Amino acid sequence: MKRSEINQVIEEAKALMQRYCFHLPIFADYSLQDWQQANLSTQQEVLDARLGWDVTDFNLNDFAKFGLTLFTIRNQSATNNKPYAEKIMMVKEGQITPMHYHWKKMEDIINRGGGTLVIRLYQRDEQTDLLDDSADIHVAIDGKQMTVPAGGLVKLKPGQSICLTPLLYHSFWAEDGVVLAGEVSMANDDLTDNRFLEPLGRFSHIEEDETPIHLLCSDYNHYLKGE
C-alpha cells in the first residue's frame with residue numbers, strides 16, 4: 001500500500017469513529033513529530049503491546065476488496081499483566097478480511113454501528129488444517145446459542161456480537177454500509193497467532209510516497225527504534 005492511501009484510510013476511520021462517538025486514546029492523534037519528541041520510556045506499554053493504528057491489505061494489493069483498518073486500544077505486553085485485548089475496526093462495504101483462525105485467541109466481534117457485519121464460518125479439519133465443509137458450527141450470538149452450517153453466514157446488526165473460539169475459521173465483511181466493529185478478546189498476538197487459509201502477509205508492504213500522518217503499530221521499530 002502507498003502511505004498516502006494509508007493516511008486517507010486513517011482519516012476515514014477517525015471520521016467514522018467520531019460519527020458514532022467512539023473516542024480513542026490521546027496517542028491516536030500523535031504525529032511522527034509528537035512521537036519523536038515523546039519520552040518513550042513512559043510510552044513503553046504502547047510500543048511493546050503494539051497499540052495504535054493498523055491498516056492492512058494483507059499484501060494482496062487490493063485494499064478495497066481485501067483489507068481492514070484497526071486500532072488496538074489495549075493488549076498484553078511484557079510490561080503489563082493484562083490477559084486481554086481490545087480493538088476497534090473500520091470494515092468497508094464488501095471489503096473482506098480473508099479466511100483465518102487463531103490458535104490461542106478467543107474473541108468477541110461486535111457491530112458497534114453502521115451497516116451489517118457478515119461473518120462466514122467453518123470448522124477446522126483436524127487432519128488437513130483446511131476447511132471442514134461438512135461440520136456444523138456452534139456459536140453464541142449475544143449469549144444465545146445457535147448452529148450454523150459449514151460455510152454459513154452470520155449477519156450482525158448494530159449492537160450484536162458473536163463469540164469466536166480458537167481454531168474456528170472465519171472471514172468477514174460489511175453489507176449495507178461501512179461498519180464500526182469492535183473486538184474484545186484474550187491477549188492478541190498478530191505476529192504468531194493468525195493462521196490464514198491462503199498464505200498471506202498480515203502487515204502490508206508500504207510504499208513511502210508521503211509522510212505518515214500517524215504511525216502504524218508496525219512502524220514503531222523503524223521510526224522510533226531505527227530498526
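## Strand β9 and its neighbours

Strand β9 spans residues 153–156 and has two unlike faces: Val-154 and Leu-156 are on the covered one, Leu-153 and Lys-155 on the uncovered one. In a regular strand the side chains alternate between the two faces of the sheet. Helices (H or I, at least four residues) and strands (E, at least two) are DSSP runs, numbered from the N terminus. This is a predicted model, in which local features need pLDDT of at least 70, side-chain atom pairs count only at pLDDT 80 or more, and totals for chains, interfaces and linings use all residues. Residues are numbered from 1 along each chain as its sequence is written, and side-chain values use heavy atoms, with hydrogens and water left out.

Strand β5 (residues 107–124) runs antiparallel to β9, joined by 4 bridges. Two strands count as paired if DSSP finds at least two bridges between them. Arg-120 has Leu-153 as its bridge partner in β9. Strand β10 (residues 161–164) is also antiparallel to β5, again through 4 bridges. There, Glu-107 is partnered by Leu-164. Strand β10 pairs with β7 (residues 137–141) as well, in the antiparallel sense over 2 bridges. Ala-140 stands opposite Cys-163 of β10.

## The largest pocket

The largest pocket has a volume of about 520 Å³. Its lining counts 29 residues, and the closest to the centre are Arg-50, Asn-188, Asp-189, Asp-190 and Leu-191. Two elements give two or more residues to this lining: α3 (44–48) and α4 (220–225). The largest share, 5 residues, comes from α4. By class, the pocket lining has 9 nonpolar, 9 polar and 11 charged residues.

The terms are set on a 1 Å grid over the protein atoms alone: a pocket is an open set of points with protein on both sides within 12 Å along at least five of seven lines, a cavity is a set where a 1.4 Å probe fits but cannot get out, and lining residues have an atom within 4 Å of a point. Grid points are joined across faces, edges and corners, and a volume is the space filled by probe spheres set on the points. For the classes, Ala, Val, Leu, Ile, Met, Phe, Trp, Tyr, Cys and Pro count as nonpolar, Asp, Glu, Lys and Arg as charged, and the others, Gly among them, as polar.

## Cavities

There are 3 cavities of 30 Å³ or more. The largest holds about 150 Å³ of space. It is lined by 19 residues, with Leu-68, Leu-70, His-100, His-102 and Glu-183 nearest its centre. Strands β2 (68–74), β3 (84–91), β4 (97–101), β5 and β11 (169–186) each give two or more residues to this lining. Strand β11 has the largest share, 3 residues. The class split is 7 nonpolar, 6 polar and 6 charged.

The second largest cavity holds about 40 Å³. Its lining includes Phe-27, Trp-53, Phe-71, His-214 and Tyr-220. By class, that lining is 8 nonpolar and 2 polar, with no charged residues.

## Aromatic contacts

The structure holds 7 aromatic pairs. Rings of Phe, Tyr and Trp (its six-membered ring) pair if their centres lie within 6.5 Å; planes under 30 degrees apart count as stacked, over 60 as edge-to-face and the rest as tilted. Tyr-101 and Trp-103 form an edge-to-face pair, at 5.5 Å centre to centre and 80° between the planes. Tyr-101 counts as buried, because its relative accessibility is 1%. Trp-103, at 42%, counts as partly exposed. The cut-offs for relative accessible area are under 20% for buried, over 50% for exposed and in between for partly exposed (1.4 Å probe, protein chains only).

Phe-27, Trp-53 and Phe-71 are linked into a cluster by ring pairs. These three residues also appear in the lining of the second largest cavity. Elsewhere, Arg-202 lies over the face of Phe-203, 4.7 Å from the ring centre. A charge sits over a ring if NZ of Lys or CZ of Arg is within 6 Å of the ring centre and within 35 degrees of the ring normal.

## Positive phi

Most residues other than glycine have a negative phi. Asp-129 has a positive phi, near 70°. Asp-129 sits in the loop between β5 and β6 (131–132) and is buried, at 16% relative accessible area. Asp-176 also has a positive phi, near 60°. Asp-176 belongs to strand β11 and is exposed, at 60%.
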